[in-house]
Amino acid sequence: MNALLRSRIGLVRLALENNADSTIGFLALPSTHRTFPPEIPLSYQQFLREADGAACGVVLLFESDDILKYQLPAKTLPGGRQRWFCFGSVDEASLLLDVRMNAVYRVDPDEAFDPDDSLGDLDHFLLTCVFDTEYQEFVADPSADAWFQLLKTCGHPAPSA
């Protein structure tokens, strides 16, 4: 996990702690597990060491204790569980990580899977689509979405050097 993402998670955590509305979202404390099952990709393990699960508006990021229970969508994609790892959801769509490429995909069960429709690597996805304003692409009305409004109060992260 890069330092910019780690810092951004810290800013969002602080904003959540300072907000009286507990329904906006949730960032779990860092995982206390010393090790994780080998099925959990290293890049997601690094996230779990910052936040062991999260509810970020319409984005849900699974916690370490239950994540292996949510792998059914990975089995349906080309390459199956050896290639794919389901780590969360956006509304009815699953968030899957191509383990070989560390690329994130939003897979809607009602749409055809497009292998060219990556949302970037895991750090980029988390930084821009979960903890910054590109999150607005996931909601119909960003002005009415409490998570998006919270992210706006956090400002934008500085570009990486």
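Student: What makes helix α5 count as largely enclosed by the rest of the structure?

Tutor: In this predicted model, buried means under 20% relative accessible area, and eight of the nine residues of α5 are buried, so the helix is largely enclosed by the rest of the structure. The buried residues of α5 are L122, D123, F125, L126, L127, T128, C129 and V130. At the start of the helix, a side-chain oxygen of D121 comes to within 3.2 Å of the backbone nitrogen of D123.

Student: Why is E134 called partly exposed?

Tutor: The relative accessibility of E134 is 40%; because buried requires under 20% and exposed requires over 50%, a value in between is called partly exposed. E134 lies in the loop between α5 and α6, and, leaving aside residues up to four places away in sequence, it touches T128 and C129.

Student: How do you know that W84 and Y105 form an edge-to-face pair?

Tutor: Two rings pair if their centres lie within 6.5 Å, and planes over 60 degrees apart count as edge-to-face. The ring centres of W84 and Y105 are 5.3 Å apart and their planes stand at 80 degrees, so both conditions are met and the pair is edge-to-face. This pair links distant parts of the chain, since W84 belongs to strand β4 and Y105 to strand β6, 21 residues apart.

Student: Are those two residues buried or exposed, and how do you know?

Tutor: W84 has a relative accessible area of 1% and Y105 one of 8%; the cut-off for buried is under 20%, so both W84 and Y105 are buried. As for the strand that holds W84, β4 is mostly covered, with seven of its seven residues buried.

Student: What makes β4 and β5 a pair of strands, and how do they run?

Tutor: Strands pair if at least two bridges are found between them, and six bridges join β4 to β5, which run antiparallel, so the requirement is satisfied. V90 stands opposite A93 in β5, and the two strands form a hairpin with two residues between them, where D91 in the turn has a positive phi of about 50 degrees. Strand β3 meets the requirement too, because three bridges join it to β4, and these strands also run antiparallel, with L60 opposite S89.

Student: Why are Y44 and F47 separated by about one helical turn?

Tutor: Y44 and F47 are three residues apart in helix α2, which means a separation of about one helical turn. An α-helix has 3.6 residues a turn, so residues three or four places apart point the same way. Y44 and F47 are both buried, and they belong to one aromatic cluster together with F87, F125, Y135 and F138.

Key
Residues numbered from 1 in each chain as written. Predicted model: local features only at pLDDT ≥ 70, side-chain atom pairs only at ≥ 80, totals over all residues. Heavy atoms only, no water. Helix = DSSP H or I, 4+ residues; strand = E, 2+ residues; numbered from the N terminus. Buried < 20%, exposed > 50% of the residue type's maximum accessible area, 1.4 Å probe, protein only. Contact = heavy atoms within 4.5 Å. Polar contact = N/O pair within 3.5 Å; in protein donor to acceptor, adjacent residues only side chain to side chain. Phe/Tyr/Trp six-rings, centres within 6.5 Å; stacked < 30°, edge-to-face > 60°.
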